[in-house]
Each structure stands twice: as C-alpha cells, then as structure tokens.
Amino acid sequence: DLEKTCNTIESLAEHSSDRERIVVYCGTKNTYEYMSASAKSLLAHTKVDRVYFLTEDDTFPESLPDIITNINVSGQTYFDPSGPNYKNSWTYMCLMRAAFTKLFPKHSRILSLDNDTVVTQDISELFDTDMTDYYIAGVHEIKRTQEDYINFGVVMMNLDLIRSDRLDDKIISELNENIYDCPEQTVFSELCEHHIKLLPTEYNFVIHSTLTGACN
C-alpha cells in the first residue's frame with residue numbers, strides 16, 4: 001500500500017542531501033522494457049546514487065542491479081482513476097511526478113526521465129545545476145510558444161522548494177480538476193512560471209529512427 005511504499009523509500013533515504021544523484025522512472029506494464037533499456041543507458045554513462053522504478057508490480061519482471069529500487073505505486077491515492085487526466089494517452093504514471101514530494105519525503109531533488117530517453121554520454125554535470133530559486137529545470141518544448149514551457153522527458157525537480165511553497169498540493173489539485181493534453185508537463189510549466197531554469201537543448205532532444213520511430 002501507499003504507506004508501505006513511503007516507508008520503504010524513507011528507509012533508503014535516511015541521509016539524503018541536495019548533492020545526491022537520484023533518478024526516477026515511472027511506467028506501466030507495457031513500458032517496462034523501455035524503462036529498463038533507458039536505465040541501462042543511464043548507468044552505462046553516469047554515476048548515480050539511486051534509481052527508482054515506479055511501477056504497477058511488487059517485483060520487476062527482470063533482474064535489476066542493486067542500485068535500482070522497484071516501487072509499486074498502483075495503490076496510490078493522489079489521483080482518482082475516474083479523474084480527468086488519469087486515462088490520457090500518456091498513462092496515469094506520468095501524473096506521479098506531481099506526487100514526488102510526497103512519495104520521496106527525504107529527497108531534496110530528483111531527476112525524472114521518460115522511459116524512451118537514451119543517455120548517450122555522462123550527464124553528471126546536470127546534477128550540479130543550481131536550483132536555488134527554481135522549482136524545475138528542463139529544456140524548452142519546441143512545439144510551444146510559451147517561453148517557460150518545458151518538455152518533461154528530462155526534468156530536474158527541486159522537491160525542497162516545491163514542498164516549502166506547497167506547490168505540490170496546487171499541482172495535484174489542478175490535475176484532479178481539469179483536463180490537459182500533456183497533464184503534468186502543462187501544469188508544472190504554468191504554475192512554476194518564472195521559477196523554471198531552462199537547460200541547453202543537448203540534454204533533451206528528439207532523434208528519429210526509421211526502425212523504432214522518434215525517441216528522446
């Protein structure tokens with residue numbers, strides 16, 4: 001259950017600091033293989049302290065290295081299955097990003113990666129991003145004219161600041177009440193306005209493969 005989930009995460013984060021390198025993936029059963037492939041590309045190039053898989057199962061269907069912790073969040077209570085964004089095309093797991101402050105109460109900041117993200121080089125410097133006055137940091141979404149609208153495929157989240165300003169509750173409430181085409185991405189971009197750090201495009205760009213289609 002959710003309480004057990006939070007207790008598990010807390011026990012793994014007793015000595016958390018804003019210098020920790022924490023990465024989180026969120027996925028449903030039909031995206032597990034992509035999540036695993038993305039994490040392997042991350043670990044092949046970058047040293048991190050912990051990777052979390054937020055999934056729908058108590059155990060992951062394949063063997064994982066010790067640095068990856070699988071957490072079943074299918075029993076979460078932050079988003080109602082009958083809610084406006086729960087069954088959107090991006091799956092309800094994307095909404096979990098809005099609850100990171102609650103799911104990871106002892107972590108200061110988190111790097112959230114989409115399951116189709118391929119890490120091709122060391123991204124250690126990304127964890128050194130100055131987030132003092134910023135809720136989130138990411139790359140501008142080229143399909144949007146709004147300057148502070150970012151793509152959530154790769155996003156650094158300042159959980160401490162989001163918590164202290166109680167922005168998480170506002171975002172969760174908004175997602176439970178209004179429908180959006182790109183739910184958490186749009187709400188975060190709107191409510192974090194003027195407190196979003198834009199990152200160089202090299203951290204999140206799309207390539208196209210004739211074999212597999214587009215990916216980040």
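Is Glu62 to be counted as buried, partly exposed or exposed? In the predicted model, the relative accessibility of Glu62 is 32%, and the residue therefore counts as partly exposed. The side chain of Glu62 meets that of Lys40 in a salt bridge, with a distance of 3.7 Å from N to O. Because Glu62 lies in the loop between β2 and β3 whereas Lys40 belongs to helix α2, the pair ties together parts that are 22 residues apart in sequence. Lys40, for its part, has a relative accessibility of 54% and counts as exposed. In the loop between β2 (50–55) and β3 (68–72) is also found Ser63, which is exposed, with a relative accessible area of 71%. Ser63 and Ser36 are separated by 27 residues in sequence, and their C-alpha atoms are 9.9 Å apart in space.

The confidence of the prediction varies along the chain. The mean pLDDT of the protein is 89, and 87% of the residues score at least 70. Among the elements, β1 has the highest mean pLDDT, at 98, while the lowest, at 50, belongs to strand β9 (residues 213–215).

The strands that flank the loop of Ser63 are themselves paired: β2 and β3 run parallel and are joined by five bridges, and Thr55 stands opposite Asn72 in β3. Strand β3 is mostly covered, five of its five residues being buried. In a regular strand the side chains alternate between the two faces of the sheet. In β3 both faces are covered, with Ile68, Asn70 and Asn72 buried on one side and Thr69 and Ile71 buried on the other.

A buried position is also found in a loop, at Thr28, which lies between β1 (22–26) and α2 (32–45). With a relative accessible area of 8%, Thr28 falls under the 20% limit and is therefore buried. When neighbours within four places in sequence are left aside, the contacts of Thr28 are with Glu56, Thr91, Tyr92 and Met93.

Charged pairs were examined next. Side chains of opposite charge can pair when their charged atoms come close. Ten salt bridges are found in a search of the whole structure. One of the residues involved, Lys102, meets Asp168 in a salt bridge of 3.7 Å, N to O. Since Lys102 lies in helix α3 (residues 100–103) and Asp168 in helix α5, this pair ties together parts that are 66 residues apart in sequence. Lys102 counts as partly exposed, at 26% relative accessibility, whereas Asp168, at 6%, counts as buried. Lys102 also forms a salt bridge with Asp169, in which the closest N and O atoms are 2.9 Å apart. This second pair likewise links distant parts of the chain, Asp169 in helix α5 and Lys102 in helix α3 being 67 residues apart. Asp169 has a relative accessibility of 35% and counts as partly exposed. Elsewhere, Lys29, Glu56 and Asp57 are joined into one network by salt bridges that share partners.

Backbone geometry draws attention to two further loop residues. Arg166, located between α4 (159–164) and α5 (167–177), has a positive phi of about 55 degrees although it is not a glycine, and with a relative accessibility of 57% Arg166 counts as exposed. His194, in the loop between α6 (183–191) and β7 (196–198), has a phi near 75 degrees, a positive value in a residue other than glycine. At 62% relative accessibility, His194 counts as exposed.

How values were computed. Residues are numbered from 1 along each chain as its sequence is written. This is a predicted model: local features need pLDDT of at least 70, side-chain atom pairs count only at pLDDT 80 or more; totals for chains, interfaces and linings use all residues. Side-chain values use heavy atoms; hydrogens and water are left out. Helices (H or I, at least four residues) and strands (E, at least two) are DSSP runs, numbered from the N terminus. Buried means under 20% relative accessible area, exposed over 50%, partly exposed in between (1.4 Å probe, protein chains only). Contact means heavy atoms within 4.5 Å. pLDDT is the predictor's confidence in each residue, from 0 to 100. Two strands pair if DSSP finds at least two bridges between them. A salt bridge is a side-chain nitrogen of Lys or Arg within 4 Å of a carboxyl oxygen of Asp or Glu.
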